[in-house]
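Open the structure in your viewer and keep the sequence panel in sight. We will go stop by stop, selecting one piece at a time.

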Amino acid sequence: MNYLIGAFKPSCNISITFADGKSRKQVPIKKENGQTVMVPLFQSQENISGKISIEPLQGKKVEHNGVKIELLGQIEMYFDRGNFYDFTSLVRELDVPGEIYERKTFPFEFSTVEMPYETYNGVNVRLRYVLKVTISRGYGGSIVEYQDFVVRNYTPPPEINNSIKMEVGIEDCLHIEFEYNKSKYHLKDVIIGKIYFLLVRIKIKNMDLEIRRRESTGSGANTHVETETLAKFELMDGAPVRGESIPIRLFLSPYELTPTHRNINNKFSVKYYLNLVLVDEEDRRYFKQQEITVYRLPETS
Amino acid sequence: MVERAEDEEKWLAAGIAGLQQNAFYMHRALDSNNLRDALKYSAQMLSELRTSRLSPHKYYELYMRAFDELRKLEMFFKEEARRGCSIIDLYELVQHAGNILPRLYLLCTVGSVYIKSKEAPAKDVLKDLVEMCRGIQHPVRGLFLRSYLSQVSRDKLPDIGSEYEGDADTVVDAVEFLLQNFTEMNKLWVRMQHQGPAREKEKREKERSELRDLVGKNLHVLGQLEGVDLDMYKETVLPRVLEQVVNCKDEIAQFYLMDCIIQVFPDEYHLQTLETLLGACPQLQPSVDIKTVLSQLMERLSNYAASSAEVLPEFLQVEAFSKLSNAIWKVIEAQVDMPIFGAVTLYSSLLTFTLHVHPDRLDYVDQVLGACVTKLSSAGKLEDSKSTKQIVALLSAPLEKYNDIVTVLKLSNYPRVMEYLDNRTNKVMAIVIIQSIMKNKTCIATAEKVEALFELIKGLIKDLDGDLHDELDDEDFKEEQNSVARLIQMLYSDDPDEMLQIICAVRKHFLTGGPQRLPYTIPPLVFSSLKLIRKLQGQDENVVGEEASASPKKIFQLLNQVIY
């Protein structure tokens, strides 16, 4: 789609194709207009190369002051709409000023691109990668074409991955010991653990394990925190007694998790928490929240 | 209360409606091979079982419908597996369900298909399922879920000779699975006792009673495993089951489960583990009706003994009698408040057992009667009819077994037991004794035995303390005395001297009977005497006139005294 600066009818078609477009994996993203499109998937340090095709429409010719393609990595804060912060900006000049009167194709290449942050679409913040083609024109307004792509980065399994084991309670009311087998989980992992009841003096109705995502954007006085409960998984139905041990087996794949993002470019963080919730007969909630690290494991083919 | 029942009907109807509606959509999904929707609607359907509003009886109705629907789902899963869908993936997929109860029902259903597919050893899947079910801590819901697990796994246990048998010793895994499911189910079942307000205790106990077979079923299945031989039973099954029975400290569970154990496992196992089984009895709650349990056990063992003479040596080998009588003694000692009726019932069962297993051991029989006397002595003369009836039963048993009063007369404690009967029952028993003699045509041939016999039937012979004449019906009195009269024929010896002794003894006793009785009792005595006289007269005059010897003259003397 052409973005026009100035209310002129589109004068040309710009198409961006990737060199390995046929073989590269595609993933869906939701555009601003609500539509879902498939775009190619890259990881950091990959080469991003392809072709730009500019085709003038209706026999018109396009006079321009130069054609360039940029690879941008952007962070956009929603409360600061329209304010994009480019943390990565690479440019390739494709053409010197001149005229395009018939379909012209320009190859482009960005080699070993550093894309340290993953694509992220959150509540208050978005991190995206985009190729932007600009045909510069003075008076007529530049013609711009965007092509989104997604970046995902992989982490090998951590060398140290301790379990989380803790005893918590309320004096004379409820003492439990919970255990999660790891502190770092990958996106398709399983949380395995158990809840052991040391003391039960309240009438418990049931117990859930929630996965919560906390997205914090901005800093200092301007910090916004959005917490979302992504999963509510029932662990126990009914009232246990002292000595009962309730197993946990929670598969992460059904849920829309992302890896943990810590202080991305000093702009935002995305953290995940396991929230163990016990509800008693009077609907009082007792909970214990515990942070976990989520990471993306390389996919085995 | 009526309100509640109506409400429950409403909720049940709503539950069934919800279930049926989701089942409808589930079927549609099954028909169009839509796995995703099948899982979605089956989970929704199963959510009806999350209700807390139904009593166990009504919950069962809902459960049965869900059960039927899950069979169709299981068939679908089987088809899917055949068509190449990964059963392991399916096993994971159903675990994505957010609510635990539907999740676990689905897991058990897939688990069943998983085991059948043999892609994993049966023991691993069973272990996982019985573990994961711990998430349901609500008693009724948990009991039904585990019952479901039990039902779908029933034919897939890695028993010896089954197609699911893995490497050696997998029957151990089958046993472990069943024991774990049993233990958890019993815990849930016991927990029901303490839920809810104190005033609803009776209702709760009724509900518990409705659910007991769900728990007991596990023991049935255990009992039917080929691999549970005597060793396995002795080393593993019985100790583990008893551990749970004792530790649960619940009267209802203990009574039911002890009875279950006795009924479900073979009698020879009970014989060989008698010590262990009996050892658990004193550890049970004092309020448990242990006498009924022990009586059941003894009844079974009695029948076992009666079934074949070949098993009798086993009884001796394990010293069954002494173990049982010790156990009973211990129980009676421990339960100070046990009513007499209970104690007598116990001894009655023991007596029956003894008569079946050791009929030749009169000393054992007498021992049992003696123990009974000891207990009765602490109570004094009995008033309640239940107890007296039970004593009559106790005393009748040897009569029926031996069909010979002479044998019974050898039991020194027999008359002592009779002491504790009230006068009326005493007479009843005396009649029973006489009837037994008449039926078996037992001849009582010595004066000594006659004395012993008359001691037993003294209630008929004379007025006992506290007897009131107008208590007795004329008809009854006539019957009684006629019985006594008929008895005389059976008191007979070929030896004239002995016969004279007999007649003297009888005469002595009859004379204490009082004017009402004599018209009945004396005539037969006279006839007996005359018979003797005739007999003597028919003999040679070679009979030497010894002092003690019978002579017609002596007899006539006696008779004269009697008639006047």
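Start in chain A. Select F18(A), then look across to strand 5 of chain A: F18(A) stands opposite G50(A) there. Keep in mind that this is a predicted model.

**Stop 1: the three-stranded sheet**

Now widen the selection. Show strand 2 of chain A together with strand 5 of chain A, residues 48-56. The two strands pair in the antiparallel sense, over seven bridges. Add strand 10 of chain A, and you have an open sheet of three strands in the order 2-5-10, with antiparallel pairing. Which strands form the edges? They are strand 2 (12-18) and strand 10 (104-110) of chain A, and each pairs on one side only. Turn the view to see the twist, which averages 20 degrees from one strand to the next. What holds such strands together? Strands of a sheet pair through backbone hydrogen bonds, either parallel or antiparallel.

**Stop 2: the four-stranded sheet**

Stay in chain A. Select strands 14, 15, 17 and 20 of chain A. They form an open sheet of four strands in the order 14-15-17-20, again with antiparallel pairing. Strand 14 (164-170) and strand 20 (245-251) of chain A stand at the edges. Each has a single partner strand, so one side of each is left without a neighbour in the sheet. Here the twist averages 20 degrees from one strand to the next.

Zoom in on strand 14 of chain A and strand 15 of chain A, residues 174-180. They run antiparallel and are joined by seven bridges. Pick I170(A): its bridge partner in strand 15 of chain A is L174(A).

**Stop 3: two helices that cross**

Move to chain B. Select helix 2 (residues 35-46) of chain B and helix 5 (residues 100-117) of chain B. They pack at an angle of about 120 degrees, with their axes 8 Å apart. The two helices are therefore oblique to each other. Their crossing is right-handed.

Show the side chains at the contact. From helix 2 of chain B come L39(B), S42(B), A43(B) and L46(B). They meet P102(B), Y105(B) and L106(B) in helix 5 of chain B. How many of these contact residues are nonpolar, polar and charged? Six are nonpolar, one is polar and none is charged.

**Stop 4: the next neighbour of helix 5**

Keep helix 5 of chain B and add helix 6 (residues 122-132) of chain B. Their axes come within 10 Å and cross at roughly 170 degrees. The pair is therefore roughly antiparallel. On the helix 5 side of chain B, the contact uses L104(B), L107(B), C108(B), G111(B), Y114(B) and I115(B). Helix 6 of chain B adds A122(B), V125(B), L126(B), L129(B) and M132(B). By class, this contact has ten nonpolar, one polar and no charged residues.

**Stop 5: colour by confidence**

Finish by colouring both chains by pLDDT. Chain A has a mean pLDDT of 92, and 95% of its residues reach 70 or more. In chain A, where is confidence lowest, and where is it highest? It is lowest in strand 1 (residues 3-4) of chain A, at a mean of 52, and highest in strand 20 of chain A, at 98.

Chain B has a mean pLDDT of 88, and 93% of its residues reach 70 or more. Select residues 540-548 of chain B: pLDDT stays under 50 over them. The model has five contacts beyond four places in sequence for this stretch. Where pLDDT is low, the predicted coordinates should not be read in detail.

For the complex, the predictor gives an ipTM of 0.90 and a pTM of 0.87.

Conventions. Residues are numbered from 1 along each chain as its sequence is written. Chains are lettered from A and ligands numbered from 1 in the order in which they are written. This is a predicted model: local features need pLDDT of at least 70, side-chain atom pairs count only at pLDDT 80 or more; totals for chains, interfaces and linings use all residues. Side-chain values use heavy atoms; hydrogens and water are left out. pLDDT is the predictor's confidence in each residue, from 0 to 100. Contact means heavy atoms within 4.5 Å. Axes are lines fitted to C-alpha atoms, for helices over the stretch in contact, and angles run from 0 to 180 degrees between N-to-C directions. Angles under 35 degrees count as roughly parallel, over 145 as roughly antiparallel, 65 to 115 as roughly perpendicular and the rest as oblique. A crossing is left-handed if the near helix is turned anticlockwise from the far one by less than a right angle, and right-handed if clockwise. Ala, Val, Leu, Ile, Met, Phe, Trp, Tyr, Cys and Pro count as nonpolar, Asp, Glu, Lys and Arg as charged, and the others, Gly among them, as polar. Two strands pair if DSSP finds at least two bridges between them.
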